[in-house]
Amino acid sequence: MITLKLLTMDDRERLFYFEKENKYFFESMVPPRPETYNTKHTFNKVIEQLIDEQNRKKSYYYLIMNNQDDLVGRLNITDIDNECGNIGYRIGENYCGQGLASKALKQFLLTTPDIPLKCLKAKTTNHNISSQRVLEKNQFYIVKEDDQAFLFNKHHVHFIHFQWDRG
């Protein structure tokens, strides 16, 4: 069982340690964040900006919590424009392989009708098969694959773009 908890300023400390604990794991799949992101001062400023975006209904940031109230991941809807937004998620290394990202995304899609979204877009690197499965399980479909590759972790990586449309 998981719950989605909308990010608040009270979550800064917990989220900071979650990100710090999983930094190298996340960076094995996605490009790293700037090094300044790993300082409490900068991180707190970033959270303030995210909360502001959320208050303006431009983005929504959720913590994925398990039934022991552990922070196991994040799910973000960003850059909302014309009732379409971009979705991203990440699950902590110790919680992978349990279907938590799929469950969180499904829960979001089923329980947030008050957020006026007609479509969601997502992208993942071509080597992140787990992320692709999460999207496919939740009725996202491939829109395109980037022809331009970039070098990441000594590998050439292409992006796969997905979309979900509210029926």
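This is a short selection-by-selection tour of the protein chain.

**Before you start**

The model is predicted: local features need pLDDT of at least 70, side-chain atom pairs count only at pLDDT 80 or more, and totals for chains, interfaces and linings use all residues. Residues are numbered from 1 along each chain as its sequence is written, and side-chain values use heavy atoms, with hydrogens and water left out.

**Stop 1: the whole chain**

Select the protein chain and colour by secondary structure. There are 5 helices and 9 strands. Helices (H or I, at least four residues) and strands (E, at least two) are DSSP runs, numbered from the N terminus. Follow the ribbon along the sequence and the order reads β-α-α-α-β-β-β-α-β-α-β-β-β-β.

Now check the dimensions. Along the principal axes, the C-alpha atoms fill a box of roughly 40 × 40 × 30 Å. The radius of gyration is 16 Å, which agrees with the value near 15 Å for a compact globule of 167 residues. That radius is taken over C-alpha atoms, and the globule rule is 2.2 Å times the number of residues to the power 0.38.

Switch to contacts, meaning heavy atoms within 4.5 Å. Among contacts with a separation of 6 or more, 61% join residues 24 or more positions apart.

Show the surface. The accessible area comes to about 9800 Å², and 50% of it belongs to carbon and sulfur atoms. Such areas come from the Shrake-Rupley method with a 1.4 Å probe; for residues, only the protein chains shown count as cover.

Colour by burial next. Buried means under 20% relative accessible area, exposed over 50%, and partly exposed in between (1.4 Å probe, protein chains only). Of the 167 residues, 44% count as buried.

Finish with charge. The chain carries 23 positive and 22 negative side chains, and the centres of the two sets lie 1 Å apart. Lys and Arg count as positive, Asp and Glu as negative; His and the chain ends are not counted. Each charge is placed at NZ of Lys, CZ of Arg, CG of Asp or CD of Glu.

**Stop 2: D11 and E13**

Select D11. It sits in the loop between β1 (2-6) and α1. D11 counts as buried because its relative accessibility is 5%. Leaving out residues up to four places away in sequence, D11 touches K5, L6 and L63. Add G73: D11 and G73 are 62 residues apart in sequence, and their C-alpha atoms are 13 Å apart.

Move on to E13, in helix α1 (residues 12-21). E13 has a relative accessible area of 43%, so it is partly exposed. Measure from E13 to N44, C-alpha to C-alpha: 8.6 Å in space, across 31 residues of sequence.

**Stop 3: two positive phi angles**

Most residues other than glycine have a negative phi. Select K57, where phi is near 60°, a positive value in a residue other than glycine. K57 belongs to the loop between α3 (40-55) and β2 (60-66). Its relative accessibility is 56%, so K57 counts as exposed.

Then go to D69. Phi is positive here too, about 65°, although D69 is not a glycine. D69 is found in the loop between β2 and β3 (71-81). At 45% relative accessibility, D69 counts as partly exposed.

**Stop 4: helix α4**

Select residues 100-111. This is helix α4, with 12 residues. From first C-alpha to last, α4 reaches 16 Å, close to the 16 Å expected at 1.5 Å a residue. The expected span is 1.5 Å times one less than the number of residues. Which residues of α4 are buried? They are L100, A101, S102, A104, L105, F108 and L109.

**Stop 5: helix α5**

Select residues 129-137 for helix α5, which holds S131. S131 is buried, with a relative accessible area of 10%. Outside the residues up to four places away in sequence, S131 touches Y89 and T124.

I129 also lies in α5. With a relative accessible area of 39%, I129 is partly exposed. The C-alpha atoms of I129 and E93 are separated by 15 Å, with their positions 36 residues apart along the chain.

**Stop 6: strand β6**

Last, select I142 in strand β6 (residues 141-145). I142 counts as partly exposed, at 43% relative accessibility. Beyond residues up to four places away in sequence, I142 touches E136, I160, H161 and F162. Bring back E93 for a final distance: I142 and E93 are 26 Å apart, C-alpha to C-alpha, and 49 residues apart in sequence.
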